[in-house]
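Me: I've got a structure open and I'd like to learn how to read it piece by piece. Can you walk me through it?

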Amino acid sequence: MTLERWFRRNRPTRKEDDNSPAGLWMKCDSCSAQIYRKDLVANDYLCPECGHHYRMPVEARAHLLTDPESFEPWSGEITPQDPLEFVDTESYVERIARAQKKQKRPDAILTGAGLLDGEPVALAIMDFFFAGGSMGSVVGEEIARAAERAAEEERSFIAVAASGGARMQEGALSLMQMAKTTVALESLSRKRLPFISVLTDPTTGGVTASFATLGDIIVAEPNSLIGFAGPRVIQQTIKQDLPEGFQRAEFLLKKGMLDEVVPRSQLKASLAGYIHLLRNGLKETAHAPGL
Amino acid sequence: MPLDFEKPIEDLEARINDMRQYAKEQEIDLGNEISLLENRLERLKKETFENLSRWQRVQVARAPGRPTGLDYVQNVFEDFVELHGDRALGDDPAIVTGLARLDELSVVVISQQKGRDTKENIHRNFGMAHPSGYRKAMRMFDLADKFRLPVITFIDTPGAYPGIAAEEQGQAWVIAESIQRMSRLKVPALSIVIGEGGSGGALAIGVANRVMILENAIYSVISPESCAAILWRDASQAPKAAEALRLTAKDLQTLDIVDDIIAEPSGGAHRDPETTLKCVLERIKAELKPLCQLSEADLLEQRYQRFRNLGRFAALPGS
């Protein structure tokens, strides 16, 4: 679902939206198998039959990627303002209030600290169920703070992106979050701390065009839609059908834009492996024998 | 072709010309009458342009005849020499880069370029760059750092191009990288939004120590048309979206997104490109001077803080 669809009035209730009042059973979008919802949740939002990756609530994601009992949230101390007094078919204030009530958080992000296979990490996880995961001032600030605090506490930084792009209702301020999140990553670079970016379905627009594609390592979940422009915009521009699999994770891997496509079931192990490898190079003062 | 709201200005200008012509033919002195009309014209231009709606401002920012990037690059600087290509994929005509001189100082210039006519517009892809264009810009950042050349960028694009090849070559990746590389420049960087600052494609070359904007230019997260298509489900609601997006120079100054506004001649840059070019030249010199006094560390820190602090949010009670 792109940002465009999120803003569509009377949009269909998503079956995989954990907060939607769906029934006990659902039909898999991919293999059409009847799935017991509790099984889906217990299986980290992967179809028990075909392994199709459903979008995952951010808390579940935080627990998936950290060792038991180790996750401690950082975000949640700041909330959006309405600097533009933006009104379209609904006011921004109303949209935010509705999203906050539904998702029970101030904005479309959860950040925090934890251990990943014993490694100290900081996480920034975007909530697509909150205003399409759009990045406004709060999301940008939380990401920047998390990156800076991770650097201060010598933690590796993991961002899990899921976003339709910049939040239009904060105008150019949203655009500037692309620069803000990008500069904040410098604090990690200076201390040679790994930044691993995990792209999930969907990651488009201003999030893809800023911090999310600046990872030292960039991985994506299978079949995730990842791009700069949304498929509809591209189609309208070029007035042609898009190639099969266009803008999907596997397609981008072939084009050289990703390091790896990692199934969710292996994600934690994969991230741990990368962090172990990146943090065990030469020490600052050491010289390798023979060099 | 004049913009709708410029019709009364054009009419009055025509009348003044007719009167001049008539006076000449008849060999009579209409000096007083003409100067009265000229005063009226000046007032009319001022009133019209002071009271433009945001949507009208968008039209001025896109007006044909408005100086384009190359007009600035070729006329503001001395000895401009264009440098081509990204050394990998090609040479994107939507972004022009090169070396130039500003008094005694050599500088790197990067400019987005729309066409000045239909033919050039097609050649320049209407100022919408592909990844190659941003790669070329990044090559210039390296050159600037190596030879300690201040960087001056001119922003004027509807946005980065949304096409199949652009996506395949990592449009999002190069924009992110360009933002990062520009933020890491060890030399002074100055950006001027001269027309249309279209979203990430504009920001990619806009991470400067000082960001200026021309009085009738705009800078936005999304075009009013696309915003209207998404939020109103109707692109013809673009005027409403333009109002809502707060995308004018004054709006952006209030939000601290631009540091200052460069005034345009009355009636807009497109009615007097020559004066506009002079104003911009003066401004670049004035802005660059103090930046050139800063150390590398100070320049980096100033740019970091400038962008790190952008945004509006509130602390939640009790936190």
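**Reading the contacts**

Reply: Let's begin inside one chain: domain 1 of chain B and domain 2 of chain B bury about 540 Å² between them, and 38% of that is on carbon and sulfur atoms. Keep in mind that this is a predicted model.

Me: Which three residues supply 70% of the area that domain 1 of chain B buries against domain 2 of chain B?

Reply: They are B:Glu6, B:Lys45 and B:Phe49, and no other three residues supply more.

Me: Where do the two domains of chain B run, and how far apart are their centres?

Reply: Domain 1 covers 4–51 and domain 2 covers 62–308. Their C-alpha centres lie 35 Å apart. As for who takes part in the contact, 7 residues come from domain 1 of chain B and 6 from domain 2 of chain B.

Me: How many salt bridges cross that interface between domain 1 of chain B and domain 2 of chain B?

Reply: For a salt bridge, look for a side-chain nitrogen of Lys or Arg within 4 Å of a carboxyl oxygen of Asp or Glu. The rule finds 3 of them across this interface. Try B:Glu13 and B:Arg271, whose side chains meet at 2.8 Å, N to O. There are also 5 residue pairs in polar contact across the two domains, both residues at pLDDT 80 or more. On the domain 1 side, α1 (7–26) and α2 (31–50) of chain B are the elements giving two or more residues. By class, that side has 2 nonpolar, no polar and 5 charged residues.

Me: OK, now the two chains. How many residues does each chain bring to the contact between chain B and chain A?

Reply: Count 48 residues from chain B and 70 from chain A. Together the chains bury about 5,200 Å², with 70% of it on carbon and sulfur atoms.

Me: And what about salt bridges and polar contacts between chain B and chain A?

Reply: Chain B and chain A have 4 salt bridges between them. One to find on screen joins the side chains of B:Arg308 and A:Glu148, at 2.8 Å from N to O. The count of residue pairs in polar contact is 15, both at pLDDT 80 or more. Several elements of chain B each supply at least two residues to the side that touches chain A, among them α8 (171–183), α14 (296–308) and β9 (313–315). The one that gives the most is α8(B), with 9 residues. Sorted by class, this side of chain B has 29 nonpolar, 11 polar and 8 charged residues.

Me: Which strand of chain A pairs with β9(B), and in what sense?

Reply: To read strand pairing, follow the bridges from one strand to the other. Here β4 of chain A (residues 78–80) pairs with β9(B) in the antiparallel sense, over 3 bridges. Use A:Ile78 as your landmark, as this residue stands opposite B:Ala315 in β9(B).

Me: What about the domains of chain A?

Reply: The assignment gives domain 1 as 12–54 and domain 2 as 55–285. Their centres, taken over C-alpha atoms, are separated by 23 Å.

Me: Last one: what should I look at in the backbone angles?

Reply: Check omega for the peptide bond and phi for each residue. The bond from A:Asp201 to A:Pro202 is cis, with omega near -10 degrees, and A:Pro202 lies in strand β8 (residues 195–204) of chain A. In chain B, go to B:Phe126: its phi is near 55 degrees, a positive value in a residue other than glycine. You'll find B:Phe126 in the loop between α5 (118–123) and α6 (131–147) of chain B.

Methods
Residues are numbered from 1 along each chain as its sequence is written. Chains are lettered from A and ligands numbered from 1 in the order in which they are written. Side-chain values use heavy atoms; hydrogens and water are left out. Domain bounds come from an automatic or database domain assignment. Contact means heavy atoms within 4.5 Å. Buried area is the accessible area (1.4 Å probe) that two parts lose on being put together, summed over both. A polar contact is a pair of N or O atoms within 3.5 Å; within protein, one must be able to donate a hydrogen and the other to accept it, and residues adjacent in sequence count only if both atoms are side-chain atoms. Helices (H or I, at least four residues) and strands (E, at least two) are DSSP runs, numbered from the N terminus. Ala, Val, Leu, Ile, Met, Phe, Trp, Tyr, Cys and Pro count as nonpolar, Asp, Glu, Lys and Arg as charged, and the others, Gly among them, as polar. Two strands pair if DSSP finds at least two bridges between them.
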